[in-house]
Amino acid sequence: MKNNLTPLEPKADKATVRRHNLSLVLRAVHDAGEATRAGIATHVGLTRAAVSSLVEQLLEHGFVTEWGKTSSGQVGRPGTVLKVSRSGPAGLGVEINIDFITVCVVDLAGTDRVRLVEHVDNRGVQPSEVLARAARLAARAIGSAAEQDLVPAGAHVALPGLVTGGSVRQAPNLGWQRVAVEGLFAQALLSLRPAHRALPVSSDNEANAAALAELWFGAGTEGVRSFLYLTGEIGIGGALVLRGDLLRGAHGFAGEIGHMVVDPDGPLCRCGAHGCLEQYAGQAALLGAAGIDAATGVRGVAELGRRARRGEPAALAAIERAGRQLGVVVSGAVNLFDPEAVMLGGVYRELIDWLAPAVDRELARRVVSGLWSEGSRRLRASSSLGDAARGAAGVIVREVLADPAAYAERETERQKGAAR
């Protein structure tokens with residue numbers, strides 16, 4: 001008979017157990033905001049002696065700091081409060097989009113400490129040059145972080161396209177095909193900082209990164225763990241979070257809602273299909289329908305908002321049309337996945353006051369459960385903290401929290417190399 005059982009993992013040795021427990025204690029401090037050794041021991045189920053030993057290791061490598069005294073309410077001396085450090089390891093997030101590049105550095109507590117934005121048209125530009133632009137901005141951010149005693153543990157690059165295995169398979173609005181993003185970005189960054197070690201680089205779709213930022217810093221903090229995230233830019237990105245986990249699909253390409261077809265006989269999309277949602281509710285479509293030059297980008301969206309506030313019919317009609325088509329497509333996703341909420345980010349967040357009524361009407365008509373019309377505020381603007389660059393930086397922070405020993409080992413090797 002064929003054995004379909006999952007192979008058993010080898011028995012964990014003492015070093016592996018300690019490595020796991022080191023992460024357990026660091027995450028307990030992170031999640032609590034502040035904690036005492038005794039409180040951690042109670043929370044994670046380790047002895048106080050074990051926790052104290054692990055805390056000393058975390059203090060030594062700069063993951064946590066001691067912060068005054070607090071009374072535990074029990075007999076004995078007050079405990080020393082521990083917090084994650086505001087210096088030391090950090091995450092570097094890079095968002096490369098059609099008409100801007102954003103870089104941010106986030107510390108272990110999740111605080112945005114450095115943020116740089118460059119508004120630049122990346123369409124029709126060689127991928128290597130765009131990635132070099134991003135590397136130059138990242139190098140500036142790393143320098144600013146160093147002034148605050150922060151050292152990025154890695155860089156995570158978010159892009160508007162199909163991203164897998166370190167490469168962009170396809171990014172229609174950028175005109176990219178099969179671009180080795182991670183290698184090109186790492187090489188460009190190292191050329192600007194030759195005296196430093198190469199920074200580990202990873203990558204993902206920008207909507208995925210924005211959805212993770214929403215989970216970690218926005219909606220997730222309010223207890224929402226299952227939601228559909230839509231980001232409206234020149235393209236339309238989507239991501240689905242179910243019970244706190246990002247749904248990636250078999251090949252990592254889940255969430256391409258902007259290329260769901262509204263009308264098969266509609267206008268040609270950059271992806272090669274006809275009638276995609278992007279052609280009706282993307283930034284260019286919104287601005288064009290309102291009589292605003294699509295090339296004005298962010299300034300055009302601000303102008304669209306001003307015209308909507310003044311009640312100009314063309315602006316209101318353009319947003320109504322986009323909202324109606326969004327509602328039609330999103331209702332299908334809601335019927336399929338049953339999320340708690342739908343989050344609107346990007347330009348949609350700026351226009352939600354006028355966009356939401358049309359989207360809500362379609363959802364109320366089309367969601368078969370009838371739950372949408374029960375007034376539970378399921379359609380929401382994304383958090384101001386939920387952008388792709390911040391989510392990308394958060395990916396690196398989460399990696400450090402999951403395995404602080406790995407970062408400590410790399411940092412020790414880096415210091416040895418610098419001393420030689």
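**Pocket, sheets and helices of the predicted model**

Helix 9 contributes five residues to the lining of the largest pocket, the largest share from any element. The structure described here is a predicted model. The largest pocket holds about 640 Å³ of space. Its lining comprises 30 residues, of which E233, G346, V347, E350 and D387 are the closest to the pocket centre. Two or more lining residues come from each of strand 4 (100–107), strand 5 (112–119), helix 6 (206–217), strand 11 (227–232), helix 9 (297–309), strand 14 (341–346) and helix 11 (347–350).

Several of these elements also take part in strand pairing. Strand 4 and strand 5 run antiparallel and are joined by seven bridges. Within this pair, V103 is placed opposite L116 of strand 5. Strands 4 and 5 form a hairpin with four residues between the strands, and in this hairpin G110 adopts a positive phi near 90°.

Strands 11 and 14 belong to an open sheet of five strands, in which the order is 13-12-11-14-15 and the pairing is mixed. The edges of this sheet are formed by strand 13 (245–246) and strand 15 (379–381), each of which pairs on one side only. Strand 15 runs parallel to strand 14, and three bridges join the two. V342 has L379 of strand 15 as its bridge partner. The loop between strand 12 (236–242) and strand 13 contains R243. The phi of R243 is near 50°, a positive value in a residue other than glycine. As a general matter, most residues other than glycine have a negative phi. R243 has a relative accessible area of 76% and therefore counts as exposed, the cut-off being over 50%.

A further open sheet consists of three strands in the order 7-8-9, with antiparallel pairing. Strand 7 (162–164) and strand 9 (176–179) are the edge strands; because each has a single partner strand, one side of each lacks a neighbour in the sheet. From one strand to the next, the twist averages 15°. Strand 7 and strand 8 (residues 167–171) are antiparallel and are connected by three bridges. L162 lies opposite Q170 of strand 8. At the other edge of the sheet, strand 9 includes R178. R178 also has a positive phi, near 50°, and is a residue other than glycine. With a relative accessible area of 61%, R178 is classed as exposed.

Enclosed space was examined as well as open pockets. Two cavities of 30 Å³ or more are present in the structure. The largest cavity contains about 40 Å³ of space. Its lining consists of G161, L162, V163, N205, N208, G252, F253, A254 and E256. L162, the residue placed opposite Q170 in the three-stranded sheet, is thus named both in a strand pair and in the cavity lining.

Helix 13 (residues 388–402) is 15 residues long and spans 21 Å from its first C-alpha to its last, close to the 21 Å expected at 1.5 Å a residue. Twelve of the 15 residues are buried, and helix 13 is accordingly mostly covered. The buried set is made up of A388, A389, R390, G391, A392, A393, G394, V395, I396, V397, V400 and L401. The N-terminal end of helix 13 is capped by D387, which has a side-chain oxygen 3.2 Å from the backbone nitrogen of A389. D387 is also one of the residues closest to the centre of the largest pocket.

Helix 2 (residues 37–44) contains A41. The relative accessibility of A41 is 7%, so A41 counts as buried; the limit for this class is under 20%. A41 and S128 are 87 residues apart along the chain, and their C-alpha atoms are separated by 50 Å.

Key: Residues are numbered from 1 along each chain as its sequence is written. This is a predicted model: local features need pLDDT of at least 70, side-chain atom pairs count only at pLDDT 80 or more; totals for chains, interfaces and linings use all residues. Side-chain values use heavy atoms; hydrogens and water are left out. Two strands pair if DSSP finds at least two bridges between them. Axes are lines fitted to C-alpha atoms, for helices over the stretch in contact, and angles run from 0 to 180 degrees between N-to-C directions. The expected span of a helix is 1.5 Å times one less than its number of residues. Buried means under 20% relative accessible area, exposed over 50%, partly exposed in between (1.4 Å probe, protein chains only). A polar contact is a pair of N or O atoms within 3.5 Å; within protein, one must be able to donate a hydrogen and the other to accept it, and residues adjacent in sequence count only if both atoms are side-chain atoms. On a 1 Å grid over the protein atoms alone, a cavity is a set of points where a 1.4 Å probe fits but cannot get out, and a pocket is an open set with protein on both sides within 12 Å along at least five of seven lines; lining residues have an atom within 4 Å of a point. Grid points are joined across faces, edges and corners, and a volume is the space filled by probe spheres set on the points.
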